[in-house]
Amino acid sequence: MNLAGQDNGHLRLLEDAPSVSAAFEGSGEDIAAARALSRDFLTSLQAVHGLPVSSRVMGMVQLVVSELVTNAGKYAPEPCVLTLTVSDGAVEVTVWDSSTTLPAILAPDPNRIGQHGLEIVMAVCRSFEVRREPVGKRITATVVLADDPGNAAAGRQAM
């Protein structure tokens with residue numbers, strides 16, 4: 001998909017920085033469409049803008065998108081808005097939804113079944129931020145585009 005110039009009321013490429021936005025309701029089809037949007041956006045970054053995107057980052061961004069759109073669909077009463085933006089060598093994955101309830105980020109627990117999604121997102125992202133908005137909340141997770149030098153894992157460094 002060539003994102004440049006496409007505007008079908010669902011998707012638009014912003015001109016000032018490589019960015020794309022779309023609204024989703026969190027259904028299975030929408031989650032798959034959100035992953036496809038992120039894949040197409042990253043492919044376009046490589047082809048059109050010459051930015052490096054490793055296959056590992058391609059998968060990580062799709063995982064983050066899937067988790068955040070799934071959670072918005074599960075916990076918010078209205079559609080969410082997904083925005084992907086490139087800034088400083090990283091992709092910012094932002095999901096806005098209308099729910100004012102902040103996500104519960106649980107401590108790692110290998111014995112817990114399920115509810116590891118945000119734990120995984122936080123592990124693969126350089127940064128993770130939740131911000132209340134006048135209506136709802138905005139969650140932004142940042143994933144670096146290229147693998148770190150020396151083949152180290154991309155993402156946040158252990159403190």
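This tour moves through a predicted model, from the whole chain to its helices, its largest pocket and a few single residues.

**The whole chain**

Begin with the entire chain in a cartoon view. The chain has 3 helices and 6 strands. Read from the N terminus, these elements follow the order β-β-α-α-β-β-α-β-β. Next, colour the residues by burial: of the 159 residues in the chain, 43% are buried. If contacts are displayed for residues at least 6 apart in sequence, 58% of them join residues at least 24 apart.

**Helix 1 against helix 2**

Select helix 1, residues 28-49, together with helix 2, residues 55-75. Two packed helices are described by the angle between their axes and the distance between the axes. Here the axes of helix 1 and helix 2 come within 9 Å and cross at roughly 145°. The crossing of helix 1 with helix 2 is right-handed.

To view this contact, show side chains on both helices. On helix 1, select Ile-31, Ala-34, Arg-35, Ser-38, Arg-39, Leu-42, Thr-43 and Gln-46. On helix 2, the partners are Val-57, Met-58, Val-61, Gln-62, Val-65, Ser-66, Val-69 and Thr-70. Coloured by type, the residues of this contact comprise 8 nonpolar, 6 polar and 2 charged.

The spacing of such residues can be read with a general rule in mind. An α-helix has 3.6 residues a turn, so residues three or four places apart point the same way.

**Helix 2 against helix 3**

Keep helix 2 selected and add helix 3, residues 117-124. The axes of helix 2 and helix 3 are 10 Å apart, and the packing angle is about 145°. This crossing is left-handed, whereas helix 1 passes helix 2 in a right-handed one.

Which residues of helix 2 and helix 3 meet? From helix 2, show Met-60, Leu-63, Val-64, Glu-67, Leu-68 and Asn-71; from helix 3, show Gly-117, Leu-118, Ile-120, Val-121 and Val-124. The residues of this contact divide into 8 nonpolar, 2 polar and 1 charged.

Now hide helix 2 and look at helix 3 by itself. Its buried residues are Gly-117, Leu-118, Val-121, Met-122 and Val-124. Bring the surroundings back: the elements covering these buried residues include helix 2, strand 5 (127-132) and strand 6.

**The largest pocket**

Turn on a surface and centre the view on Asn-71, Tyr-75, Pro-103, Ala-104 and Leu-118, the lining residues that lie nearest the centre of the largest pocket. This pocket holds about 440 Å³ of space, and its lining consists of 24 residues.

Where does the lining come from? Helix 2, strand 4 (90-97), helix 3 and strand 6 (137-144) each supply at least two residues. Helix 2 contributes the largest share, with 6 residues. By type, the lining has 12 nonpolar, 7 polar and 5 charged residues. Two residues of the helix 2 and helix 3 contact, Asn-71 and Leu-118, reappear here among those nearest the pocket centre.

**Single residues**

Select Cys-80, in strand 3. Is Cys-80 buried or exposed? Cys-80 is buried, because its relative accessible area is 1%, and the cut-off for burial is under 20%. Beyond residues up to four places away in sequence, Cys-80 touches Ala-22, Ala-23, Phe-24, Val-69, Ala-72, Val-95, Trp-96 and Asp-97. A distance label from Cys-80 to Gly-136 reads 9.9 Å, C-alpha to C-alpha, for residues 56 apart in sequence.

Select Val-135 next, in the loop between strand 5 and strand 6. Val-135 is exposed, with a relative accessible area of 53%. Apart from neighbours within four places in sequence, Val-135 is in contact with Trp-96 and Asp-97. Val-135 and Asp-97 are 38 residues apart in sequence, and their C-alpha atoms are 8.3 Å apart. Trp-96 and Asp-97 are also among the residues touched by Cys-80.

Return to helix 2 and select Lys-74. Lys-74 is exposed, with a relative accessible area of 57%. From Lys-74 to Gly-26, 48 residues away in sequence, the C-alpha distance is 6.9 Å.

Finish at Asp-88, in the loop between strand 3 (80-87) and strand 4. Asp-88 is not a glycine, yet its phi is positive, at about 50°. Asp-88 is exposed, with a relative accessible area of 71%.

Notes
Residues numbered from 1 in each chain as written. Predicted model: local features only at pLDDT ≥ 70, side-chain atom pairs only at ≥ 80, totals over all residues. Heavy atoms only, no water. 1 Å grid on protein atoms, 1.4 Å probe; cavity = no way out; pocket = protein on both sides within 12 Å on 5 of 7 lines; lining within 4 Å. Points joined across faces, edges and corners; volume = space filled by probe spheres on them. Helix = DSSP H or I, 4+ residues; strand = E, 2+ residues; numbered from the N terminus. Nonpolar A, V, L, I, M, F, W, Y, C, P; charged D, E, K, R; others polar. Axes fitted to C-alpha atoms, helices over the stretch in contact; angles between N-to-C directions. Left-handed = near helix turned anticlockwise from the far one by under 90°. Contact = heavy atoms within 4.5 Å. Buried < 20%, exposed > 50% of the residue type's maximum accessible area, 1.4 Å probe, protein only.
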